[in-house]
Amino acid sequence: MSKISITIFGGTGDLTYRKLMPAIYNLFSRNLLGENFKVCAIGRRDYSNEEYLEIIDSWIKEFARLKIKEERLLEFYKHIEYYKMDFTNLDEYSGLNKFYENTSFDNNLVYYAVSPSFFEVISDGMLRVNNLKNPKIILEKPFGSSMKNAKFLSEKLDKNFNSENIYRIDHYLGKEMVRNILTIRETNPLISKVWSKDDIESIEITALETVGVETRGNYYDEAGALKDMVQNHLLQILTIVALDNPNGVLADEQLDVLKNLRPIEKMDIKKSVVLGQYKGYRQEDKVNPSSSTETFAGIKLFVDNKRWKNVPFFIKTGKKTSEREIEVLVKFKRIKDDINPNVLVIKIQPTEGVYLEFNIKTPGEDGITTAKMEFCQNCNLIFRLNTPEAYERMILACIENDSSWFSKWEQIELSWKFIDELKQAYIKNNIPIYEYEVGSDGPVEYNLIK
């Protein structure tokens, strides 16, 4: 087994505490990291190594998927080191290079668990860390702050580290039920044969949260729902749902879907996009008191190819809504106006599973009634224990040089272009950012585009 090092910029951030450290512990518990790996958590806070381990201890115990065994956890901590540095100061990277002096790691992961505004300086600094050979760079979303910025960063990363060593992570692509979409299509003839405009009336992709911006006001007020959720996560799910050949090369199939999105200039923006902001958002910590940032986005899209011609894809995402859910809802065409359509729901989070509505004869009567079938994957303890978390799965894929489920630059470029043009068209058409009540389903205006 190769000797693995994992260097995390942003070692004192919520992402590292809540997701990365528990994921790495899970990999360690599964004996997938070997005995000679090292995790270097980089932060600017003045922690000793002991203090840092005390901090991550509670996070790992709360969020690790696998049962914590104290003896195993203490063994895991022998591989963790906290390294204090100001990663915005290029002069301090010589110290990081010295930290890795006299090491022999041959599989080096460098995780940018920080705001995209730091990607450039870290990339420049890492050129001075010669003791980490051929590093694989894992970038957390969003990839840049705009199309122009994303392209600049991509060119710099390719130049500094080579394109095959860049892993643009979208953890949604590591979620079990997102991956299951292809299996459901590929292995079930009764579904694969009706997966097109001939039998499907519409597809809804929903990602709702009951929480607000919490401690992310600074970041979120610059990003908004379009950049934070639609540009990456939800367009990624759309490409998985809509790709033409489940057996083809995933990245190529996804790219083809993005290329066939109906261009902004051919959309009626006023009837296709609704942006909203929950009441009280402007009073959130680190949010501009006069902010016009959207916390809700509802969009009607079309994929203009042979399979999906004129089938609407509805994307909806929002904060402080009535429920927390991520799901894909496929509504099939009615065979008669007075008979309910078949509905297939792929539940991604928090429930993981598949839900199906179909028609049967009403028992004891001559009418038609709706029957329901549901498979809940994470309701089953064994399934839940055997299913890797998204970050666990994606970090392991990076270790194993498997880039098939990571975002390619061409996809990101088209996604940025689409979202930038959509936002510009929304502003140009003088459409307001609609206010909506906390705990609601978002702006009522969204119902007008469905």
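Helices here are DSSP runs of at least four residues, numbered from the N terminus. Helix α11, covering residues 381-386, is one of them, and I382 sits in it. This is a predicted model. The structure holds one disulfide and 23 salt bridges. Two surface patches, a cis peptide bond and two positive phi angles are also covered below.

**Cysteines**

- C376 and C379 form a disulfide. Their sulfur atoms lie 2.0 Å apart.
- The torsion about this S-S bond is about 75 degrees, so the disulfide is right-handed.
- C379 counts as exposed, because its relative accessibility is 60% and the cut-off for exposed is over 50%.
- C40 is in no disulfide. The nearest cysteine sulfur belongs to C398, and it is 16 Å away.
- Seen from the other side, the closest cysteine sulfur to that of C398 is in C40, and 16 Å is too far for a bond. A disulfide needs the two sulfur atoms within 2.5 Å.
- C40 is buried, at 0% relative accessibility.
- C398 is buried as well, with a relative accessible area of 0%.

**Surface patches**

- D46, E50, E51 and E54 form a negative surface patch.
- E54 belongs to helix α2, which runs over residues 49-63.
- E54 is exposed, since its relative accessible area is 62% and exposed means over 50%.
- F375, I382 and F383 make a nonpolar surface patch of about 280 Å².
- I382, the patch member in helix α11, is exposed at 52% relative accessible area.

**Salt bridges**

- Side chains of opposite charge can pair when their charged atoms come close.
- K61 and E70 meet in a salt bridge, with N to O at 3.6 Å.
- K61 is partly exposed, at 40% relative accessibility. E70 is also partly exposed, with a relative accessible area of 40%. Both values fall in the range between buried, under 20%, and exposed, over 50%.
- K98 pairs with E101 in a salt bridge. The closest N and O atoms are 3.5 Å apart.
- K98 counts as exposed, at 57% relative accessibility. E101 counts as partly exposed, at 39%.
- K347 and E327 form a salt bridge through their side chains, at 3.9 Å from N to O.
- This pair links distant parts of the chain, 20 residues apart. K347 is in strand β12, residues 343-349, and E327 is in strand β11, residues 325-332.
- E327 is buried, because its relative accessibility is 12% and buried means under 20%.
- R30, R65 and E392 are joined into one network by salt bridges that share partners.

**Loops and backbone**

- G364 lies in the loop between β13 (353-361) and β14 (368-376).
- G364 is exposed, with a relative accessible area of 78%.
- G364 and L381 are 17 residues apart along the chain. Their C-alpha atoms are separated by 38 Å.
- The peptide bond from Q349 to P350 is cis. Its omega is near -5 degrees.
- P350 is located in the loop between β12 and β13.
- E214 is not a glycine, yet it has a positive phi of about 50 degrees.
- E214 is in the loop between β7 (200-208) and α9 (217-242). E214 counts as exposed, at 54% relative accessibility.
- N430 is not a glycine either, and its phi is positive, about 55 degrees.
- N430 lies in the loop between α13 (409-428) and β15 (434-436). N430 is exposed, with a relative accessible area of 67%.

Note on methods:
Residues are numbered from 1 along each chain as its sequence is written. This is a predicted model: local features need pLDDT of at least 70, side-chain atom pairs count only at pLDDT 80 or more; totals for chains, interfaces and linings use all residues. Side-chain values use heavy atoms; hydrogens and water are left out. Patches are made of residues with over 30% relative accessible area and no salt bridge: like charges are joined within 9 Å, nonpolar side chains (Val, Leu, Ile, Met, Phe, Trp, Tyr) within 5 Å. Accessible areas come from the Shrake-Rupley method with a 1.4 Å probe; for residues, only the protein chains shown count as cover. A salt bridge is a side-chain nitrogen of Lys or Arg within 4 Å of a carboxyl oxygen of Asp or Glu. Lys and Arg count as positive and Asp and Glu as negative; His and the chain ends are not counted. The place of a charge is taken as NZ of Lys, CZ of Arg, CG of Asp or CD of Glu. Helices (H or I, at least four residues) and strands (E, at least two) are DSSP runs, numbered from the N terminus. Buried means under 20% relative accessible area, exposed over 50%, partly exposed in between (1.4 Å probe, protein chains only).
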